Amino acid sequence: MQVGNRQIVVAADADAQARLAAQRLIARIALHHDRPAICLTGGSGPQRMFELLATEFEDRIRWARVHWFISDERVVSFDDPLSNMGTAKRVLLDGRAPAANIHPIPTSQGADPGQVARDYERELQSFYGSTKLDTARPLFDLVLGGVGPDGHTASLFPGWPQLAIRDRWTAGVDKAHVEPFVPRVTLTFPALASCSEMLFLVHGASKRGIVERVLAGEDLPAGKARSNGETVWLITEDALPESVRDR
């Protein structure tokens, strides 16, 4: 179904969602035969998909070609359980993706979020080959996203100044809006939008209320995050609001 300029895809449960998400990711990689770029996300949303990609679907990815990025990161060391890319590496990337193809946000305990953001922006621009984003040439083939209980996505929190940034690809966040209350570094809306597909993964009955608010058009970051290409919300049955179900 279509809600605004978003495509809504409903999965029976979290396992079905993970399978559909894995298949969409693999399809996007296959469409880019040169150097596919996938932007991962943290949180619980992609974990089952990571497990499937690392096991059942492992042979369907040409690991030597794909480059892996992350939409946001907590300013902690990579071996900290709070590290988004650290988790992705342990579950999915280690032993499969070449080290040179993994592009973590270069955080460390106590690092300055603003400086880390500038360093990651330079890495993204080096990979892209320009300091200016071109809507005709996406930075990423696929950006994975999620929605927090307050409507945040990546580390773009409601009412915070990072939402207004249009001239930078990354931003430091001195303090998170939700737990864990540690500094963050996040991609900005323009960088997130520079993709062929933005795929939101939302599951669990606890997310039903915030999904309804976002899809109703409330002014929330997850509602503002759109791809210049295709924006898809892959939602489990238990997270789907009745107001959307009845459309």
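1. Which residues does Trp233 touch, not counting residues up to four places away in sequence? In this predicted model, the partners of Trp233 are Arg6, Gln7, Ile8, Val9, Val147, Phe200, Val202, Val211, Val214 and Ala222, with residues up to four places away in sequence left out.

2. Trp233 also belongs to the largest nonpolar core, which comprises 75 residues. Within that core, Trp68, Phe140 and Trp233 touch the most other members. As general background, nonpolar side chains in soluble globular proteins tend to be buried together.

3. The next points concern empty space. A probe the size of a water molecule, rolled over the atoms, shows where such space is left. The volume of the largest pocket is about 430 Å³. Its lining consists of 24 residues, of which Gly42, Gly43, Ser44, Gly148 and His152 are the closest to the pocket centre. Two elements, β5 (72-74) and β9 (195-202), give two or more residues to this lining.

4. As to the chemical character of the largest pocket, its lining holds 12 polar residues, seven nonpolar and five charged. Gly is counted among the polar residues here, a point to bear in mind for Gly42, Gly43 and Gly148, which are among the residues closest to the centre.

5. The second largest pocket contains about 190 Å³ of space. Its lining is made up of His32, Asp34, Arg35, Phe127, Tyr128, Arg137, Pro138, Leu139, Phe140, Asp141 and Ser196. The elements α4 (113-128) and β6 (140-145) give two or more residues to this lining. By class, five of the lining residues are nonpolar, four are charged and two are polar. Phe140 thus appears in two settings: Phe140 lines this pocket, and Phe140 is one of the residues that touch the most other members of the largest nonpolar core.

6. The model has one cavity of 30 Å³ or more. The volume of the largest cavity is about 60 Å³. Thr41, Ser71, Val143, Leu144, Gly145, Thr153, Ala154, Leu192, Met198, Phe200 and Ala225 form its lining. Both β6 and β9 supply at least two of these residues, and β6 provides the largest share, namely three.

7. What is the make-up of the lining of the largest cavity by class? Seven of its residues are nonpolar and four are polar, with no charged residue present. Phe200 links this cavity to the opening point: Phe200 is part of the cavity lining and is also one of the residues touched by Trp233.

Note on methods
Residues numbered from 1 in each chain as written. Predicted model: local features only at pLDDT ≥ 70, side-chain atom pairs only at ≥ 80, totals over all residues. Heavy atoms only, no water. 1 Å grid on protein atoms, 1.4 Å probe; cavity = no way out; pocket = protein on both sides within 12 Å on 5 of 7 lines; lining within 4 Å. Points joined across faces, edges and corners; volume = space filled by probe spheres on them. Helix = DSSP H or I, 4+ residues; strand = E, 2+ residues; numbered from the N terminus. Core = buried A, V, L, I, M, F, W, Y, C linked by side-chain atoms within 4.5 Å. Buried < 20%, exposed > 50% of the residue type's maximum accessible area, 1.4 Å probe, protein only. Contact = heavy atoms within 4.5 Å.
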